[in-house]
Amino acid sequence: MGAAQLGGAIRGRSAIVAAGNSAQGTIPGISADELAVEGLRITLADAGIDKSEIDGLITCKSFGGFGIDTEIGRLAGLNPAYSATLDYGTCNFSLHLACAVIDAGLASVVAIVYGTNQRSAGNRFSHPLGRQDEASVYGFLNVAGPAAMAFRRHQALYGTTEADLAEISVSQRRYAVDNPLAIFREPMSVEDYLAAPYLVTPLRRPDLCMISDGAACLIVASAEKAAELTDKPVHVMGIAQQTGLRDRQNADQWMRPWIEQVADRVYPAAGIEREAIDALYIQDPTSIWVLQMLEYYGFAKPGGVGDAFRSGEVGYGGRLPLNTNGGQLSEAYMWGFLHLCEAVRQLRGEAGERQIDGLTTAQYCSTFGFMKAASTILSTEVA
């Protein structure tokens, strides 16, 4: 099967019909599963969709073992025809599964639900990342360590500066100022960024996401069913994934070069050129992931990310808006679920003060650390 075929069979066959979320930040006294069900309730109510329409349920397991479909289905009062739980959903992977389930005829309206109380529960995310022995020896007990190594490698290859890296966090913060959901809304300049102390050299606080409580939900339906449920469907035009499961066996694994294979597939799968993307969303537990994916997807040349922001090619006020919600660096962590919620709102013209006019096509790119990458292209139009 050629690159144009991988992920292309679902083109326009599924659509997001609703997106919703709870408040974000610290929400004590409520479990992750209860938050997930609340996210589902909010989303259905806002969209005017009855719970009886849901015949598929996909959940994402959060830290602490919460988020299993059997428990969330019980709490939500659902007996769907299909259900499953992904150990790591990051919404892209969950959305791709929903599209496959719909395409296989196992369900026609799938709720993708995620809830977490990781902040109020005091989860420090202090667990080995990657191979257990290597992570323990080198202290890679949080994503900051591997991300710092990845940036050092980028600096060695391209001469990238910390001021170049600052452009990512600063641009996203400018969007977050107008986002009432965001945890970090204080204005920040490049000078402010450079004056901040290191957390894990050469990374600073603005380079890393904030752990948060909250919930998010997407409702995905077949194209036929979507037409019944909403007059503003957001069509899934193309999807692509690639793994890097060989880990350190992969050449230059800090740079995650296998991400480029997703870029090679997702545009042909969607039948859309990269230049047609109106808004870009990149999952960003660290700013380094944004740096890498901007380059691998062809939105900046290798070593040219800083220039792409400063020239107005990418970012706040630029030709290509990036993470218009503030991303995980400023809005909330949520394993990237809020990026897709924001993309849907922007495409529907429902983003309030941060709405960008004239958007018809958006792309979301995400990764599962050093193991997997995925991308989705969404559009309000099906050519």
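Biologist: Is Q172 buried or exposed in this predicted model?
Modeller: Buried means under 20% relative accessible area, exposed over 50%, and partly exposed lies in between, using a 1.4 Å probe and protein chains only. Q172 has 0% relative accessibility, so the residue counts as buried.

Biologist: Which helix is the place of Q172?
Modeller: Helices here are DSSP runs of H or I with at least four residues, strands are E runs of at least two, and both are numbered from the N terminus. Residues 162-176 form one such helix, and Q172 sits in it: α6.

Biologist: Which backbone oxygen does the side chain of Q172 reach?
Modeller: Residues are numbered from 1 along each chain as its sequence is written. Local features need pLDDT of at least 70, side-chain atom pairs count only at pLDDT 80 or more, totals for chains, interfaces and linings use all residues, and side-chain values use heavy atoms, leaving out hydrogens and water. At 3.0 Å, the partner is the backbone oxygen of G326.

Biologist: Which residues is Q172 in contact with, leaving aside neighbours within four places in sequence?
Modeller: Contact means heavy atoms within 4.5 Å. By that rule, Q172 is in contact with D284, V290, L322, N323, G326, G327, L329 and S330.

Biologist: How many helices and strands does the protein chain have?
Modeller: The DSSP runs are tallied over the protein chain. They come to 13 helices and eleven strands.

Biologist: What share of the 383 residues in the protein chain is buried?
Modeller: Q172 is one buried residue. Across the 383 residues of the protein chain, the buried share is 58%.

Conventions:
A polar contact is a pair of N or O atoms within 3.5 Å; within protein, one must be able to donate a hydrogen and the other to accept it, and residues adjacent in sequence count only if both atoms are side-chain atoms.
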